[in-house]
Amino acid sequence: MSSKATWKLPKAIRGGIPVCFPQFGNLGSLEQHGFAKNRLWSVDSDPSPLAPTNNQTSVDLILKSTEEDLKTWPRSFELRLRVSLNAGKLTLIPRVRNTDSKAFSFTFALINYLYVSDISEVRVEGLETLDYLDNLMRRESHDRPREEENLCSAEGWHAGCRLFNLDYFFVWNPWDKKAKTIPDLGDEDYKTMLCVDSAAIETPIFLKPSEEWKSGQELSTVSSSYCSGQLDPRMVLHGLY
Ligand SMILES: O=P(O)(O)OC[C@H]1O[C@@H](O)[C@H](O)[C@@H](O)[C@@H]1O
């Protein structure tokens with residue numbers, strides 16, 4: 001959680017796990033990361049077809065399109081999120097239902113703001129063999145910050161992430177200069193944060209009327225012996241559920 005997070009609507013707090021819908025980043029004409037993260041959700045009393053949660057470590061949430069949303073994105077939807085917390089494991093199951101009379105498509109992401117004790121001691125493993133897009137290179141190829149290399153400079157990753165129906169990871173840390181330009185992020189906060197986002201952006205999800213899309217993400221603590229080349233990226237992307 002950012003030390004300068006603002007707890008005022010209509011802006012999301014900087015931290016936690018913002019839900020990006022119906023657009024990730026600037027991959028479309030809507031505001032950055034879509035509007036869902038800036039809305040107040042309700043507790044979902046009918047999470048069907050998932051069985052209702054009957055323990056105190058899970059909650060079902062729902063967001064429905066409002067009149068205001070329909071002005072900017074004229075598609076009626078229901079976005080559901082089941083959040084479950086168990087020993088060493090946080091599971092999120094997002095679902096999108098098309099309640100419109102027409103088909104629509106969207107992109108989606110969960111921005112996982114992870115707290116780390118020292119960003120210069122963090123290494124992200126398991127993505128080495130995957131194809132990747134370098135946003136810094138693409139957008140700022142004339143002045144690529146060297147700090148990017150620091151992100152992966154040392155040992156010590158003890159959290160794992162498994163996905164279902166999500167096809168991209170985004171790894172992000174603003175580093176020192178960019179951090180100063182983000183109003184709701186403390187100047188030093190970049191040292192203790194890392195974003196590892198799970199996203200569905202490869203091909204926008206297409207839903208016909210009444211259809212539902214379901215995905216999942218499981219964040220868990222793993223022992224350090226799990227590190228160093230033992231994570232199979234294909235399993236990481238497709239091994240959940
Ligand atoms: O400042 P925002 O709009 O919340 O976005 C923060 C960052 O979120 C990250 O997850 C993205 O990968 C970055 O590209 C983005 O800059």
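In this predicted model, F21 makes a handy starting point: setting aside neighbours within four places in sequence, F21 is in contact with G34, A36, L79, V96, F106 and F108. Two of those partners, A36 and F108, turn up again in the largest nonpolar core, where they are listed with C20, F21, A109 and A199 as the residues with the most contacts inside it. That core has 31 residues. The elements giving it two or more residues are β1 (19–20), β4 (77–86), β6 (104–110), β8 (159–164) and β10 (193–207). Of these, β10 puts in the largest share, at seven residues. As a rule of thumb, nonpolar side chains in soluble globular proteins tend to be buried together.

Zooming out, the chain runs to 241 residues, and 27% of them are buried. Its secondary structure comes to four helices and twelve strands. As for how the chain is wired together, contacts between residues at least 6 apart in sequence were sorted by separation, and 70% of them join residues at least 24 apart.

Then there is the ligand. Around it sit G25, Q32, H33, I111, F170, W172, C195 and D197. Strand β10, already met as the top supplier of the core, shows up here too: β9 (168–172) and β10 each supply at least two residues of this shell. By residue type, the shell splits into four nonpolar, three polar and one charged.

Notes:
Residues are numbered from 1 along each chain as its sequence is written. This is a predicted model: local features need pLDDT of at least 70, side-chain atom pairs count only at pLDDT 80 or more; totals for chains, interfaces and linings use all residues. A nonpolar core is a set of buried Ala, Val, Leu, Ile, Met, Phe, Trp, Tyr and Cys residues joined through C-beta atoms within 7 Å. A residue is buried if 20 or more other C-beta atoms lie within 10 Å of its own, exposed if 12 or fewer, and partly exposed in between; C-beta atoms are placed from the backbone. Two residues are in contact if their C-beta atoms, placed from the backbone, lie within 7 Å. A residue is near a molecule or strand if its C-beta atom, placed from the backbone, lies within 6 Å of it. Ala, Val, Leu, Ile, Met, Phe, Trp, Tyr, Cys and Pro count as nonpolar, Asp, Glu, Lys and Arg as charged, and the others, Gly among them, as polar.
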